Amino acid sequence: MDLCPRMEDGMRSGGRRAGRTRRRRGRKQRNTSKSVSLSHQQQYVTLLRFLHKHGFDCVLQPANFTDFGRGLQAQEIIKPDDLIISLPEACLITTSTVLDSYLGPYIKSWKPRLSPLLVLCVFLVCEQHKGEESDWFAYINVLPVTYTCPAYFSNNVIALLPASIQSQARDQRKAVNDLHSSNQDFFRSVQPILSRDAEEVLTYDALRWAWCSVNTRSVFLSRPPNHFLSGQDVYALAPFLDLLNHRPDVQLSASFNHVNACYEIRTVAGIQRYQQAFINYGSHDNQRLLIEYGFVAPGNPNSVVYVDADLLQQVLQGALDRSVDQKMKFLRENNFSHNLTVSSDGPSWRLMTVLKLLALPQAAYPSWKAVLLGQSVCDDSEQWAGRTAWILCQRLLQDTNTSMEKISSLLQHCDKPTKEQLGVIRSLRQEEQNILESCMHVLHGILGESSLTQPQQG
């Protein structure tokens, strides 16, 4: 029972209520972050009152931080290995919550079976529709009203993303659209429990909001198979707990305690009084964080910049003999045509291995497999691979700078949601700009100025 992979590192994605989309400053400023308590605001008073009725108590309080936006703050010193949150099962929204609700009879009788994700999404929309009459109003009232996940991006905004994740962004948007369009009959079936037409309640916009809420804010909680549902049942929405922000260097343990029926998070290092408490979604780079959660972690030690196959072939065009297509086919067959990256420390071993293979003459075909397994190549091929890596970084940096110029222009005349989306993408591009410049500096130190020319076949 770990944190849901969809919500790794911190709790879910950036929304317009503050939090993840505002992470603009570097890691050095984290220790000087100022905060203002939010616990006196009515929406949080109502939320905590609701949770207390179900047996929840906590040493954390909601606060607004200058560098992170909304998060949770320690009200007292928390020692290493202490619990920071113990959320009773009655406070979680799971498929059991839904099946035991007014929606249960409709879900249980529906064929074909619905997915746990859809069931949770429909429940959230219906509860939002009920307003203050909802049992979960206190929780829904503190959820973001929109998100900075790709599901909300227009084509123009997606075009500003790195090429390596544009297709993932489009896939996410399509997945939400398909979920909505393919379940219209079920939406109409729940009309008896709605005060307005189902078409006016279970809209695409409403389902998208619910999908992002579940996808970015839930914790992983594996549930036993249920013959009323189809697919893996691992989502649990966790009120208050999902106010925790992600930080990639934080160590903690998170699991469901079956003895006391609580979802618990325990800190490893401890937390000082008034310091922000964090969660860790996992070792994800910033591209993954943006796609899954809609935010970017400044100074993320897991971040890299990806070199996709299209860019690689563009750079190689005319630089090699006609064996380049054969080599690319060989790389694909051996699972070496993807996950090619550069970091602040330089090109990855995987990328350099691919470039070394590409540097070999066609006559060296018997050695291709050995190179993938780590066999060294001649100095000329090593030099060619290093120069090509530098040119790849240069191309990626040009694309990054172009994207940032377009973002700066668009920010002058767009609405607030689009500004927040552009802000997250700009943060990603700035992080990748730093990585690429650092990598080029490393390569320059290795190769020297005279070697950084257009590569020729080795």
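These exercises, each with a worked solution, explore a predicted model.

**Exercise 1. Find how confident the predictor is, and where pLDDT falls below 50.**

Start with the whole protein. Its pLDDT averages 90. Of the residues, 90% score at least 70. Next, look at residues 1-30. There the pLDDT is below 50. This stretch still has 169 contacts in the model beyond near neighbours in sequence. Then turn to residues 454-458. Here too pLDDT stays under 50. For these residues the model has 18 contacts beyond four places in sequence.

**Exercise 2. Work out the order of the five-stranded open sheet and name its edges.**

Read the order: 1-2-3-10-7. The pairing is mixed. Now take the ends of that order. Strand 1 (35-37) and strand 7 (245-246) stand at the edges. Each has a single partner strand, so one side of each is left without a neighbour in the sheet. Then move to one pairing inside the sheet. Strand 3 (residues 69-74) and strand 10 (residues 276-279) run antiparallel, paired over two bridges. Within that pairing, Leu72 has Ala277 of strand 10 as its bridge partner.

**Exercise 3. Decide whether strand 9 is largely enclosed, or not, and trace its partners.**

Begin with burial. A residue counts as buried under 20% relative accessible area. Five of the six residues of strand 9 (residues 262-267) are buried, so the strand is largely enclosed by the rest of the structure.

Now trace one partner. Strand 4 (residues 83-88) is joined to strand 9 by five bridges, and the two run antiparallel. Pro88 has Cys262 as its bridge partner in strand 9.

Trace another. Strand 8 (residues 252-257) pairs with strand 9 over six bridges, again in the antiparallel sense. Leu252 finds its bridge partner in Thr267.

Finish at the turn. The hairpin of strands 8 and 9 has four residues between the strands. Ala261 lies in this loop. Its relative accessible area is 27%, so Ala261 is partly exposed.

**Exercise 4. Describe the three-stranded open sheet.**

The strand order is 11-12-13, with antiparallel pairing. Strand 11 (305-306) and strand 13 (346-347) are the edge strands, each pairing on one side only. Two bridges join strand 11 to strand 12 (residues 341-343). Val342 of strand 12 is the bridge partner of Val305.

**Exercise 5. Locate the largest nonpolar core and its best-connected residues.**

Nonpolar side chains tend to be buried together in soluble globular proteins. Count first: the largest core has 83 residues. Leu60, Ile85 and Phe240 have the most contacts inside this core. The largest share, ten residues, comes from helix 4 (residues 116-130). Now zoom in on Phe240. Leaving aside neighbours within four places in sequence, its contacts include Leu47, Phe56, Leu60, Leu72 and Ile85. Apart from this core lies another, of 40 residues. Val315, Leu358, Ile391 and Leu443 are among them.

**Exercise 6. Explain what the ring pair of Tyr281 and Tyr293 joins.**

Set out the geometry. The ring centres are 4.6 Å apart, with 55° between the planes. That makes the pair tilted. Next, place the residues. Tyr281 lies in the loop between strand 10 and helix 11 (286-293), while Tyr293 lies in helix 11. The pair therefore ties together parts that are twelve residues apart in sequence. Check burial. Tyr281 has a relative accessible area of 4%, so this residue is buried. Tyr293 is buried as well, at 0%. Finally, widen the view. Ring pairs link Tyr281, Tyr293 and Phe295 into a cluster.

**Exercise 7. Identify two arginines placed over aromatic rings.**

Take Arg208. Its charged end sits over the ring of Tyr152, 3.9 Å from the centre. Now take Arg350. This residue lies over the face of Phe336, at 4.5 Å from the ring centre.

**Exercise 8. Pick out unusual backbone geometry.**

Start from the usual case. Most residues other than glycine have a negative phi, and most peptide bonds are trans. Now look for departures. The peptide bond from Lys111 to Pro112 is cis, with omega near -5°. Pro112 sits in the loop between helix 3 (104-108) and helix 4. Ala261 has a positive phi, near 55°. Asn335 also has a positive phi, of about 60°. Its place is the loop between helix 13 (324-333) and strand 12. Asn335 is partly exposed, at 46% relative accessibility.

Key: Residues numbered from 1 in each chain as written. Predicted model: local features only at pLDDT ≥ 70, side-chain atom pairs only at ≥ 80, totals over all residues. Heavy atoms only, no water. Pairing = 2+ DSSP bridges. Buried < 20%, exposed > 50% of the residue type's maximum accessible area, 1.4 Å probe, protein only. Core = buried A, V, L, I, M, F, W, Y, C linked by side-chain atoms within 4.5 Å. Contact = heavy atoms within 4.5 Å. Phe/Tyr/Trp six-rings, centres within 6.5 Å; stacked < 30°, edge-to-face > 60°. Lys NZ or Arg CZ within 6 Å of the ring centre and 35° of its normal. pLDDT = per-residue confidence, 0-100.
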